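The following exercises are to be worked with the sequence and the coordinates at hand. Each task is followed by a solution in steps.

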Amino acid sequence: MDGRSLDAGGPLVVSAPSDEGEGLWVEARFETLDVEQRTVVLEVRTVEQDDDDGALFATSDPARVICRLETGECTADDDAARVLLSDHPELEARLQSHMDHLRQRAWRAVAQRDRETAARRVLANAEPGLMVAFQDLFPADWDLLFKHDGETYWVIDRYCPTHSCDCSSVALTLCRLRTDNPAPIVVGDADADLARESPVLEVTTPAAREPFAAFSRELLERLPPRREEARRAVLRHAAPSPAKPAALSLAASRPPRNAPCPCGSGKKFKRCCLGADPTDTAARIDSVTVRRFS
């Protein structure tokens, strides 16, 4: 998808904290998006900055503010919002510089409601043995973006598209994003078995070990739901594997039971695709095509 705009969908800091007062942190609740009225509920919190590491932390519970996407006009949706708007009348003015971004996110959130079109097309054309990227199945979904040591990283997660293979593996590619370079820079790869009680990232590229380690806990919390959704899409849209051939010819084409599975899961063949058609487990894992972003 050329021209992909990378966005994690996280909160917007519309007013940074300073010596003069608190800042404001806004998170859009796009499940409340009213397409006809063009409104969305914003959860607004006051924030302060940690003196030690500079991180922002919330100093209030969320106040629900209804924002009109065309104008940025804000009205209170609860008592806490009425108090916040009274204490921070500058909210509307501060939001104006973020409204284009907020509108883009809103229409992207609308596109996220379609869980079928892209997945059907991608899986209908998927080649046996090639893992598919989550972003290709659900191109409007938020991206896996992380910060580490002053750098921004993008993680591309890929899953098995074979109908008969219920492996729980994920293959990851880590890219570094730079403001002076429109093309993401591939740093390295990792994989994980999400069926484990405590999954761990097996990083295969030395350069990627430190950044992967910095956000591995958050990443491993976010990957299982994505794997489950990818699997549901495979069951809906991927063609079932053909019937197995006779046992003799099947055994002749299989790798040894204790050999690594050729699907790329990292597990032994006997614990992964032993029961699948051998043409579905060809050892052909595609390299990720890193696309430009805006």
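The exercises below concern a predicted model, and they treat its cores, a hairpin, its cysteines and its aromatic rings.

**Exercise 1. Nonpolar cores**

Task: Determine how many residues the largest nonpolar core has and which elements give two or more residues to this core.

Solution.
Step 1. The largest nonpolar core has 30 residues. Those with the most contacts inside it are Leu-137, Val-155, Leu-172, Leu-174, Phe-212, Leu-219 and Leu-223.
Step 2. Two or more residues come from each of helix H4 (117-124), helix H5 (134-137), strand S8 (144-148), strand S9 (151-159), strand S10 (169-178), strand S11 (181-193) and helix H7 (216-237). H7 supplies the largest share, six residues.
Step 3. A separate, second core of 24 residues is also found, and Val-26, Val-40, Leu-91 and Ala-109 are among its members.
Step 4. For the surroundings of one core residue, take Leu-174: leaving aside residues up to four places away in sequence, its contacts include Tyr-153, Val-155, Ile-185, Val-187, Ala-208, Phe-212 and Phe-215.

**Exercise 2. The hairpin of S8 and S9**

Task: Establish in which sense S8 and S9 pair, parallel or antiparallel, and over how many bridges.

Solution.
Step 1. The pairing is antiparallel and extends over five bridges. Within it, Leu-145 stands opposite Trp-154 in S9.
Step 2. Two residues lie between the strands of this hairpin, and Asp-149 takes a positive phi near 55 degrees.
Step 3. As to burial, four of the five residues of S8 are buried, and the strand is mostly covered.

**Exercise 3. Cysteines**

Task: Explain why the sulfur of Cys-160 and the sulfur of Cys-167 each lack a bond to the closest cysteine sulfur.

Solution.
Step 1. A disulfide is a covalent bond between the sulfur atoms of two cysteines. The cut-off applied here is 2.5 Å between the sulfur atoms.
Step 2. For Cys-160, the closest cysteine sulfur belongs to Cys-165 at 3.9 Å, which is too far for a bond.
Step 3. For Cys-167, the closest cysteine sulfur is also in Cys-165, at 3.6 Å, and this too is too far for a bond.
Step 4. The structure holds zero disulfides.
Step 5. Cys-160 counts as buried because its relative accessibility is 12%, and Cys-167 counts as buried at 7%.

**Exercise 4. Aromatic rings and charges**

Task: State how many aromatic pairs the structure holds, and describe the geometry of the pair of Phe-30 and Trp-142.

Solution.
Step 1. There are five aromatic pairs in the structure.
Step 2. Phe-30 and Trp-142 form a tilted pair, with 6.1 Å centre to centre and 35 degrees between the planes. This pair links distant parts of the chain: Phe-30 belongs to strand S2 (residues 23-34), while Trp-142 lies in the loop between H5 and S8, 112 residues apart. Both Phe-30 and Trp-142 are buried.
Step 3. Phe-212 and Phe-215 form an edge-to-face pair, at 6.3 Å centre to centre and 65 degrees between the planes. The relative accessible area is 1% for Phe-212, which is buried, and 5% for Phe-215, which is likewise buried.
Step 4. Phe-146, Tyr-153, Phe-212 and Phe-215 form one aromatic cluster.
Step 5. Charged groups also meet rings. Arg-115 lies over the face of Phe-138, at 4.3 Å from the ring centre. The charged end of Arg-226 is placed over the ring of Phe-134, 4.0 Å from its centre.

Methods
Residues are numbered from 1 along each chain as its sequence is written. This is a predicted model: local features need pLDDT of at least 70, side-chain atom pairs count only at pLDDT 80 or more; totals for chains, interfaces and linings use all residues. Side-chain values use heavy atoms; hydrogens and water are left out. A nonpolar core is a set of buried Ala, Val, Leu, Ile, Met, Phe, Trp, Tyr and Cys residues joined through side-chain atoms within 4.5 Å. Buried means under 20% relative accessible area, exposed over 50%, partly exposed in between (1.4 Å probe, protein chains only). Contact means heavy atoms within 4.5 Å. Two strands pair if DSSP finds at least two bridges between them. Rings of Phe, Tyr and Trp (its six-membered ring) pair if their centres lie within 6.5 Å; planes under 30 degrees apart count as stacked, over 60 as edge-to-face and the rest as tilted. A charge sits over a ring if NZ of Lys or CZ of Arg is within 6 Å of the ring centre and within 35 degrees of the ring normal.
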